[in-house]
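Student: I would like to go through this model and ask what stands behind each label. Could we take the terms one by one?

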Amino acid sequence: TAFGDLALGALIASAFGGGNVWVAEGTFDDVSLPLYSGVYVCGGFQPDFVLEQRSIQDHPTVVNGPLNQNVVDVHHGNFGPAVLDGLTLVGDPDTSDGIGNLGHWMEVHSVAVESCKRGMKIVVASQTSVVVAGCSVSNSRLEGILADGPLDMLVDSSVFEANGNEGLALQDLLAPESGSVSLSVRASVFRANGQEGLDCHLDVVPGSGPS
């Protein structure tokens, strides 16, 4: 029997050490979804959850976030990335980000983020891997994605469109002392954003010597 509460399902999966949370088609209103590392949340299922019949096009899973909260917040949980796959996230352009991540390994696949303050806000203090693949981020009031810190970031086959500021803004891609960071963007589209499509600033952590 499926859980009736999406956030509760993600919480229980983390409490049991991580794993998959399959989400049926339909619209989930006023949900702020906690996404824990080690948990894979995947939409696009029919109510009988037959994996072979999963289709995010034919069976869309839409999460409408509440006012004054992010639609998805990434938290520390278990080993492995926090993974979001095959959902549409709809927020409020004045109050909420689609995905908020303050320092956790994360992979986002085939996710559409629409009408949020920012599509994603990713701010990390230590070396962190982030993958954004097959996603679309549109109609954000500010940036499609705002990122900062020592990231190894891959953006693949994604679309950034009609965001108020940059499509993808790395305020500072910080290289740690004696270390390296990376940004790889391929097969992606930046269209009709209010400022740059892709804006990346390079820096080193304070006190680490010459850049």
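Tutor: Start with pairing. Two strands pair if DSSP finds at least two bridges between them. One such bridge joins threonine 128 to leucine 151 in β16. Keep in mind that this is a predicted model.

Student: What makes β13 and β16 a pair?

Tutor: The cut-off is at least two bridges. β13 and strand β16 (residues 151–156) have six, in the parallel sense. They therefore pair under the cut-off of at least two bridges.

Student: What other strand pairs with β13?

Tutor: Strand β10 (residues 106–109) does, in the parallel sense and over four bridges. Within that pairing, glutamate 107 has valine 131 of β13 as its bridge partner.

Student: Why is β13 called mostly covered?

Tutor: Buried means under 20% relative accessible area. In β13 (residues 128–133), five of the six residues are buried.

Student: What makes β18 largely enclosed?

Tutor: Count its buried residues. Strand β18 spans residues 168–175, and six of its eight residues are buried, so the rest of the structure largely encloses it.

Student: How do you know that β18 pairs with β15 and β21?

Tutor: Again, at least two bridges are needed. β15 and β18 run parallel and are joined by five. β18 and β21 are also parallel, with six. Both counts reach the cut-off, so both are pairs. Two bridges give examples. Isoleucine 145 is matched with leucine 168 in β18. Leucine 173 is matched with leucine 202 in β21.

Student: Why is isoleucine 122 called buried?

Tutor: The limit is under 20% relative accessible area. Isoleucine 122 has 0%, so it is buried. Its place is in strand β12 (residues 118–123).

Student: Which residues does isoleucine 122 touch?

Tutor: Neighbours within four places in sequence are set aside. Its contacts then include Met106, Val130, Ile145, Leu151 and Met153. Asn101 and Asp148 are also among them. By contrast, the C-alpha atoms of isoleucine 122 and threonine 1 are 35 Å apart, with their positions 121 residues apart along the chain.

Student: Why is glycine 134 called partly exposed?

Tutor: Partly exposed lies between the buried limit of 20% and the exposed limit of 50%. Glycine 134 has 39%, so it falls in that range. It lies in the loop between β13 and β14.

Student: What does glycine 134 touch, beyond residues up to four places away in sequence?

Tutor: It touches Ser110, Val111, Asp156, Ser157 and Ser158. Take serine 158: it is 24 residues from glycine 134 along the chain, yet their C-alpha atoms are separated by 4.8 Å.

Student: What class does proline 60 get, and on what value?

Tutor: Its relative accessibility is 37%, and the middle class runs from 20% to 50%, so proline 60 counts as partly exposed. Its place is in the loop between β4 (39–45) and β5 (61–64). Outside four places in sequence, its contacts are Glu25, Gly26 and Ser55.

Student: What makes the phi of asparagine 139 worth a remark?

Tutor: Most residues other than glycine have a negative phi. Asparagine 139 is not a glycine, and its phi is positive, about 60°. It sits in the loop between β14 (136–138) and β15 (145–149). With 44% relative accessible area, it is partly exposed.

Student: Which class does alanine 192 fall in, buried or exposed?

Tutor: Exposed means over 50%. Alanine 192 has 61%, so it counts as exposed. Its phi is positive too, about 60°. Its loop is the one between β20 (189–191) and β21 (198–204).

Student: Now the whole chain. What does its secondary structure come to?

Tutor: One helix and 21 strands.

Student: How do you know that the chain is as compact as a globular protein of its length?

Tutor: Set the value against the rule. The radius of gyration is 17 Å, and the globule rule gives 17 Å for 211 residues, so the chain is as compact as a globular protein of that length. Its C-alpha trace spans about 60 × 40 × 35 Å along the principal axes.

Student: How many of the 211 residues are buried, as a percentage?

Tutor: 47%. Contacts complete the picture: of those between residues at least 6 apart in sequence, 64% join residues at least 24 apart.

Definitions and conventions: Residues are numbered from 1 along each chain as its sequence is written. This is a predicted model: local features need pLDDT of at least 70, side-chain atom pairs count only at pLDDT 80 or more; totals for chains, interfaces and linings use all residues. Side-chain values use heavy atoms; hydrogens and water are left out. The radius of gyration is taken over C-alpha atoms; the globule rule is 2.2 Å times the number of residues to the power 0.38. Buried means under 20% relative accessible area, exposed over 50%, partly exposed in between (1.4 Å probe, protein chains only). Contact means heavy atoms within 4.5 Å.
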